[in-house]
Amino acid sequence: MLSRIRHTSLGLALITATLVVATPPASADAVCSCTVEEARLDRAAPQEILRRGGFDGVAPEFARALAGAESYREAERAVVRHGARLWREAVDRAQGRHVRGDLSRDDDRPLYWARLGMTRELRAWQPEFRLDETGRNRLLDRLERSSRGQDSIRFARGGPTGKGVKRILMTGFDPFTLDRAVRISNPSGATALALDGTVIRTADGGLARIETAVFPVRWQDFADGTVERTLRDQLPKADLFTTVSQGRIGRFDIERFNGAWRGGFADNENLSRTETVPVDDPATQPQWTATTLPYASIVGADTGRFPVRDNTAVTEIPAGGTAPVTRADGPTPGSTARAGGGGDYLSNEIAYRATLLRDRLGLRELPGGHVHTPVLQFGAGNTDPATGAVTDAEFVRNRVDIIAQVRAIIAVAAS
């Protein structure tokens with residue numbers, strides 16, 4: 001059973017238990033033979049978000065494409081084509097090129113729910129040709145990668161390129177804690193859509209091109225290497241990278257240290273993992289990695305209305321000890337990680353994996369690390385997740401301001 005949970009913010013939970021599986025809504029399995037994540041599609045808020053975001057036709061159109069596939073190769077082409085189109089249309093919507101529906105263009109949720117509609121169609125599809133579990137899983141993987149921008153990072157495509165134009169890699173996340181509040185958004189995912197393929201002017205007057213991707217909030221995907229597979233070929237080309245996620249209320253954090261520990265908080269499939277972060281070659285795995293972002297410059301700059309903190313706190317088991325200790329000034333030599341500055345959830349894990357990959361690739365001088373955004377909050381009269389509207393003016397303002405401040409933080413970091 002779950003024991004002793006301490007939430008330091010939304011998505012930053014320190015959990016000292018072993019394995020926990022939260023119970024999904026009773027109606028989920030009765031509605032469809034699909035994943036816990038996909039079953040939430042049948043709730044009212046996701047349907048409203050899809051409709052008002054103009055993405056309610058995505059899954060039905062994809063289903064028709066699958067129905068027309070007469071071979072595995074045709075199915076794979078349809079999966080990649082429709083997945084990549086979903087990502088492009090979400091980016092175009094976020095950047096104002098093609099906005100359908102009345103939700104504000106900065107909204108990341110239509111992409112999230114439309115993707116789940118597609119994966120649910122693909123999971124249920126029964127073609128006339130033989131399709132075994134391995135083949136279906138391979139199609140699901142291609143759909144995930146293409147609809148998240150993970151396989152379309154291209155620093156050379158369009159816009160200014162060449163000498164003097166810096167290359168920035170930024171990642172965001174899906175919405176999460178959806179059983180607590182199914183209408184929730186994730187400002188890191190919204191920022192990824194708003195910045196993908198854009199060129200910004202850095203604080204020192206130069207130019208930088210930003211490429212982005214979005215990651216799932218699922219422990220198993222991370223154990224399967226989705227982060228390393230996406231970033232391995234891109235980090236050597238980048239001049240700076242930052243993983244971004246939603247963190248604490250009312251502030252940004254530049255997370256100084258990342259720990260090799262999973263604390264057990266349930267993911268979007270309501271699955272929990274409490275263990276050392278699983279990586280290739282665990283014999284050489286460090287307990288801690290550190291940011292190489294210019295945190296002092298970022299904290300000292302005026303980047304927006306939210307305060308920005310250089311966060312050096314960690315939770316460790318000191319060398320020779322047995323009990324976890326929280327420290328304000330980083331880990332001590334020989335200690336065992338129990339939480340980085342970014343907690344012990346997937347925010348900490350993507351930061352750990354990305355910076356460990358940086359170091360293993362011999363890129364220790366490459367600036368990179370994790371930025372935690374403020375929690376995205378609804379307006380004062382719209383706080384009840386059971387009765388609240390899917391959007392309001394303050395909610396939109398908060399998300400727009402967070403996106404703008406992440407852009408400004410990147411501009412300072414790239415200077």
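Visitor: Why is leucine 366 called buried?

Guide: In this predicted model, leucine 366 has a relative accessible area of 10%. Buried means under 20%, so leucine 366 counts as buried.

Visitor: Where does leucine 366 sit, and what does it touch?

Guide: Its place is in the loop between α12 and β16. Setting aside residues up to four places away in sequence, leucine 366 touches Leu235, Ala238, Asp239, Leu240, Phe241, Thr292 and Arg358. Each of those pairs has heavy atoms within 4.5 Å, because that is what contact means here. By contrast, the C-alpha atoms of leucine 366 and lysine 166, which are 200 residues apart along the chain, are separated by 12 Å.

Visitor: What makes arginine 364 exposed?

Guide: Arginine 364 has a relative accessible area of 54%. Exposed means over 50%, so arginine 364 earns the word. Arginine 364 lies in the loop between α12 (346-360) and β16 (368-373).

Visitor: Which residues is arginine 364 in contact with?

Guide: Leaving aside neighbours within four places in sequence, the contacts of arginine 364 are Thr292, Arg358 and Asp359. Thr292 and Arg358 also appear in the list for leucine 366. As for threonine 291, its C-alpha atom is 9.8 Å from that of arginine 364, with the two positions 73 residues apart along the chain.

Visitor: Why is aspartate 281 called partly exposed?

Guide: Aspartate 281 has a relative accessible area of 43%. Partly exposed is the range between the 20% and 50% cut-offs, so aspartate 281 belongs there. Aspartate 281 lies in the loop between β10 (274-276) and β11 (288-290).

Visitor: What is there to say about the phi of aspartate 281?

Guide: Its phi is positive, about 55°, although aspartate 281 is not a glycine. Threonine 177 also has a positive phi, near 55°, and is likewise a residue other than glycine.

Visitor: Is threonine 177 buried or exposed?

Guide: Threonine 177 has a relative accessible area of 12%. That is under the 20% limit, so threonine 177 is buried. Threonine 177 is found in the loop between β3 (165-173) and α8.

Visitor: How do you know that leucine 193 is buried?

Guide: Its relative accessible area is 1%, and the cut-off is 20%, so leucine 193 is buried. Leucine 193 belongs to helix α8 (residues 187-195). Not counting residues up to four places away in sequence, leucine 193 touches Trp87, Ala90, Val91, Ala94, Gln95, Asp107, Asp108 and Leu111. The C-alpha atom of aspartate 106, 87 residues away along the chain, is 8.0 Å from that of leucine 193.

Visitor: Why is arginine 109, a charged residue, called buried?

Guide: The word rests on accessible area: arginine 109 has 0% relative accessibility, which is under 20%, so arginine 109 counts as buried. Arginine 109 lies in helix α6 (residues 109-124). Beyond four places in sequence, the contacts of arginine 109 include Ile49, Pro175, Arg183, Phe378, Phe395 and Arg399. Histidine 98 is 11 residues from arginine 109 in sequence and 16 Å away in space, C-alpha to C-alpha.

Visitor: What makes a group of residues a nonpolar core, and which residues touch the most other members of the largest one?

Guide: The members are buried residues of nonpolar kinds, joined through side-chain atoms within 4.5 Å. The largest nonpolar core has 64 residues, and Trp113, Leu122, Trp125, Leu139, Phe252, Ile298 and Ile410 touch the most other members. Apart from that core lies another, of 22 residues, among them Phe173, Leu235, Phe241 and Phe265. Back in the largest core, isoleucine 298 is in contact with residues including Ile254, Leu293, Val308 and Val412, with neighbours within four places in sequence left aside.

Visitor: How do you know that the chain agrees with a compact globule?

Guide: With 415 residues, a compact globule would have a radius of gyration near 22 Å, and the chain has 21 Å, which agrees. Along its principal axes the C-alpha trace spans about 60 × 55 × 50 Å. Buried residues make up 56% of the 415.

Visitor: What is the chain built from, and how are its contacts spread along the sequence?

Guide: The chain has 13 helices and 16 strands. Among contacts between residues at least 6 apart in sequence, 75% join residues at least 24 apart.

Key:
Residues are numbered from 1 along each chain as its sequence is written. This is a predicted model: local features need pLDDT of at least 70, side-chain atom pairs count only at pLDDT 80 or more; totals for chains, interfaces and linings use all residues. Side-chain values use heavy atoms; hydrogens and water are left out. Helices (H or I, at least four residues) and strands (E, at least two) are DSSP runs, numbered from the N terminus. The radius of gyration is taken over C-alpha atoms; the globule rule is 2.2 Å times the number of residues to the power 0.38. Buried means under 20% relative accessible area, exposed over 50%, partly exposed in between (1.4 Å probe, protein chains only).
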